[in-house]
Amino acid sequence: MKHIHSEVEKDTRYLRLLSQSFPTVAKASTEIINLRAILNLPKGTEHFLADIHGEHESFRHVLKNASGNIKRKVNEIFGDELTHDEKRNLCTLIYYPEQKLELIKSTERDMRQWYFTTIHRLVRVCRDVSSKYTRSKVRKSLPDDFSYIIQELLHERPDDADKAAYVKVITDTIISTGSADDFIAAISNVIQRFAIDQLHILGDIYDRGPGAHIIMDTLRTYHNWDIQWGNHDILWMGAHAGNDACICNVIRLSLRYANLATLEEGYGINLVPLATFAMEHYADDPCEEFCPKTDAGCDGISEKTYRLTALMHKAISVIQFKVEAEIFSRHPEWGMSDRALLGNIDYSRGVCAIGGKEYEMKSCHFPTIDPQNPNMLTADERELLERLHHSFTVSEKLHKHIKALLSHGCMYTIANHNLLFHASIPLNADGTLKEVELYGGRKYSGRELLHRTGMIIRSAFQSDTEPLEKSFATDYFLYLWCGPDSTLFNKSKMATFERYFLKDKETYKEGKGHYFMLRDNEEIVDRILDAFGVEGPNRHIINGHVPVHVASGENPIKAGGKLMVIDGGFSQAYHKETGIAGYTLVYHSRGFQLVQHEPFASTEDAIMRGTDIKSTAQIVEMSAHRMLVADTDNGRELKRQITDLQKLLYAYRHGVIKENAKG
């Protein structure tokens with residue numbers, strides 16, 4: 001009792017603030033009852049996705065079908081009551097209600113009966129997926145227009161003889177007032193909403209695929225999501241912050257995969273000046289090494305566009321290497337001056353010197369390079385770069401999307417005993433945490449390294465950042481993209497130059513950092529988890545970045561189940577390499593399941609033919625008991641709130657704080 005009294009006296013100021021929300025004993029007691037009840041609900045379902053790389057159709061479908069969970073629910077609920085086709089059509093309706101309704105109307109003869117039957121089926125599915133949430137949470141998640149009606153249908157069963165007529169009248173009225181289509185769309189979206197409680201994106205929304213901007217539009221309105229920034233996200237963030245090397249890399253990658261939709265249609269980046277520049281300076285260059293990759297879903301481009309893309313690709317690459325050299329020279333502490341390779345070329349002999357050895361060039365046609373000063377931009381290149389710089393920094397839509405990445409993201413997250421990050425943690429050869437130098441010459445490792453890196457990233461976008469620090473932060477995006485000790489790269493080098501220009505394929509090798517060599521070691525993984533303060537008997541690291549070669553037998557589950565690598569290759573460019581088309585890691589109240597996806601045909605095919613992404617689920621780890629909200633991070637917070645409310649009750653009952661009945 002004395003202990004509680006002393007704590008109440010110590011926390012009186014805070015408890016007075018709390019009393020404004022719960023001004024009476026009755027209201028504080030009611031909230032304690034409510035919170036304790038929530039603690040005993042099943043844990044919400046978390047979905048983890050990584051390396052989406054602009055594949056917006058696959059991504060949006062995975063959200064709509066909850067990685068196959070909605071299809072599983074429909075099969076469980078209806079069993080043999082419905083045929084295979086009826087269940088498939090019901091699932092498609094849930095995923096794409098507006099589009100599917102249009103198709104049904106063109107073939108269905110008795111729409112009234114169809115509406116009546118379908119609404120009741122949707123209510124049954126909605127009742128099932130919402131059953132693990134409180135009525136309050138369900139109510140707050142419902143669309144305003146149909147909130148009351150959906151609540152009534154969810155909580156009144158038609159098999160109750162006393163309520164059957166009541167439920168029938170509600171359904172009849174929905175149909176007779178012409179609201180059935182809107183209601184079906186609304187309840188379908190509610191089903192999608194409740195099938196995924198929390199969405200974790202482990203980086204790399206951008207590049208390769210055509211719809212990163214569409215993915216970001218989807219996420220901006222999504223109910224609950226977070227992101228751990230990936231190297232490709234950082235590249236776009238750096239481009240918007242005004243890092244010219246990042247701008248060049250973004251454009252180069254878009255041209256490499258013949259994917260200009262995100263740049264031009266998504267963000268309004270004008271590439272006409274680059275096209276004009278490329279045709280003027282590289283018209284006589286075959287640019288064979290710069291032909292776009294047509295195995296990444298861009299087979300339909302014309303020969304003229306294919307040729308122009310190659311010219312633009314080489315033009316921006318040369319500018320990129322020049323700009324990168326300028327940034328490397330500003331930061332000798334990075335130890336990357338040896339990556340300024342344009343200065344190592346003997347332009348008369350067509351060879352490049354690296355590490356004391358000469359390598360033959362594939363071609364040596366560089367109309368914009370002065371061999372005496374190879375890293376200097378020409379006047380035309382500088383003018384072009386200024387125009388591109390302006391386009392990236394003033395794009396309103398890109399600004400909104402980068403703002404969303406900043407508000408929902410960070411370098412790492414700890415969620416329910418799981419450490420999430422995109423790529424790696426720098427390690428020494430013996431597996432100890434490696435110290436990496438950041439701004440001001442100070443060195444950090446592990447958790448502090450990722451935290452400080454995140455602070456540097458944010459400072460590039462803050463108006464009150466000191467000019468020298470902001471300049472460093474803007475430059476640092478390039479290091480994060482390709483620096484050897486970057487948590488988002490962690491390789492000896494990025495061999496972009498070598499792949500484009502050198503014949504010897506031995507030069508293409510990028511030595512992996514120690515994290516990638518040691519990540520299957522359970523002891524090393526435990527050491528990292530300890531350093532980040534991740535506790536619990538079933539703790540894990542979850543990340544992406546490096547595609548898992550399923551086709552060649554690689555297992556995404558490593559270190560005795562403590563590390564899960566969930567980059568399964570959403571991007572079409574990786575389908576042949578990985579043998580699959582992406583992973584979703586699902587963490588529900590029973591444990592972990594890894595869902596392996598096959599390639600998605602198209603949204604149109606899904607609507608017209610009812611095709612779904614074929615997914616195979618494997619159990620990764622099952623819990624000995626069904627996990628409740630009490631077992632989660634949110635549960636720990638609710639327990640703290642209960643403790644605070646109990647202190648408030650004590651304060652009321654012992655006269656430390658007076659109740660306010662009018663409150």
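**Notes on the fold, starting from Thr309**

1. Let's start with one residue: leaving out anything up to four places away in sequence, Thr309 touches Leu255 and Pro292. Touching, or contact, here means heavy atoms within 4.5 Å. Before going on, note that this is a predicted model, in which local features need pLDDT of at least 70 and side-chain atom pairs count only at pLDDT 80 or more, while totals for chains, interfaces and linings use all residues. Residues are numbered from 1 along each chain as its sequence is written, and side-chain values use heavy atoms, with hydrogens and water left out.

2. Where does Thr309 sit? Thr309 is in helix H18; helices (DSSP runs of H or I, at least four residues) and strands (runs of E, at least two) are numbered from the N terminus. Thr309 has 6% relative accessibility, so it counts as buried. The cut-offs are under 20% relative accessible area for buried, over 50% for exposed, and partly exposed in between, using a 1.4 Å probe and protein chains only. Ser254 is 55 residues away from Thr309 along the chain, yet their C-alpha atoms are separated by 9.7 Å.

3. Arg330 is also found in helix H18. Is Arg330 buried or partly exposed? Arg330 counts as partly exposed because its relative accessibility is 41%. Between Arg330 and Phe472 there are 9.5 Å in space, C-alpha to C-alpha, although the two are 142 residues apart in sequence.

4. Now the inside of the protein. A nonpolar core is a set of buried Ala, Val, Leu, Ile, Met, Phe, Trp, Tyr and Cys residues joined through side-chain atoms within 4.5 Å. The largest one here has 180 residues, and those with the most contacts inside it are Leu199, Ile205, Ile251 and Phe392. Helix H18 (residues 303-330) gives this core its largest share, eleven residues. Another core lies apart from it, with 22 residues, including Ala28, Ala651, Tyr652 and Ile657. In soluble globular proteins, nonpolar side chains tend to be buried together.

5. Which residues does Ile251 contact, leaving aside neighbours within four places in sequence? They are Leu263, Leu271, Leu274, Ile316, Leu388 and Phe392.

6. Stepping back to the whole protein, there are 28 helices and 17 strands. Its radius of gyration, taken over C-alpha atoms, is 28 Å, close to the 26 Å that the globule rule gives for 663 residues, so the protein is as compact as a globular protein of that length. (That rule is 2.2 Å times the number of residues to the power 0.38.) The C-alpha atoms fill a box of roughly 95 × 75 × 45 Å along the principal axes.

7. How much of the protein is buried? Of its 663 residues, 55% count as buried. If you take contacts between residues at least 6 apart in sequence, 72% join residues at least 24 apart.

8. Helix H10 (residues 147-155) is a nice one to look at. Its buried residues are Ser147, Ile150, Glu152, Leu153 and Leu154. These pack against helix H8 (111-129), helix H9 (135-141), helix H11 (164-176) and helix H12 (180-195).

9. Loops deserve a look too. Thr45 is in the loop between helix H3 (25-39) and strand E1 (46-49). Thr45 is buried, with a relative accessible area of 10%. Not counting residues up to four places away in sequence, Thr45 touches Lys132, Ala195, Ile196, Asp197, Gln198, Val586, Tyr587 and His588.

10. Cys364 is in another loop, between strand E6 (357-360) and helix H19 (379-394). Unlike the buried Thr45, Cys364 is partly exposed, at 28% relative accessible area. With neighbours within four places set aside, Cys364 is in contact with Ile345, Tyr347 and Gly350. From Cys364 to Asn65 the C-alpha distance is 51 Å, with their positions 299 residues apart in sequence.

11. Finally, two backbone angles to check. Most residues other than glycine have a negative phi. His53, though, has a positive phi near 50 degrees; His53 is in the loop between E1 and helix H4 (56-64) and is buried, with a relative accessible area of 2%. Ala66 also has a positive phi near 50 degrees. Ala66 lies in the loop between H4 and helix H5 (69-78), and at 1% relative accessibility Ala66 counts as buried.
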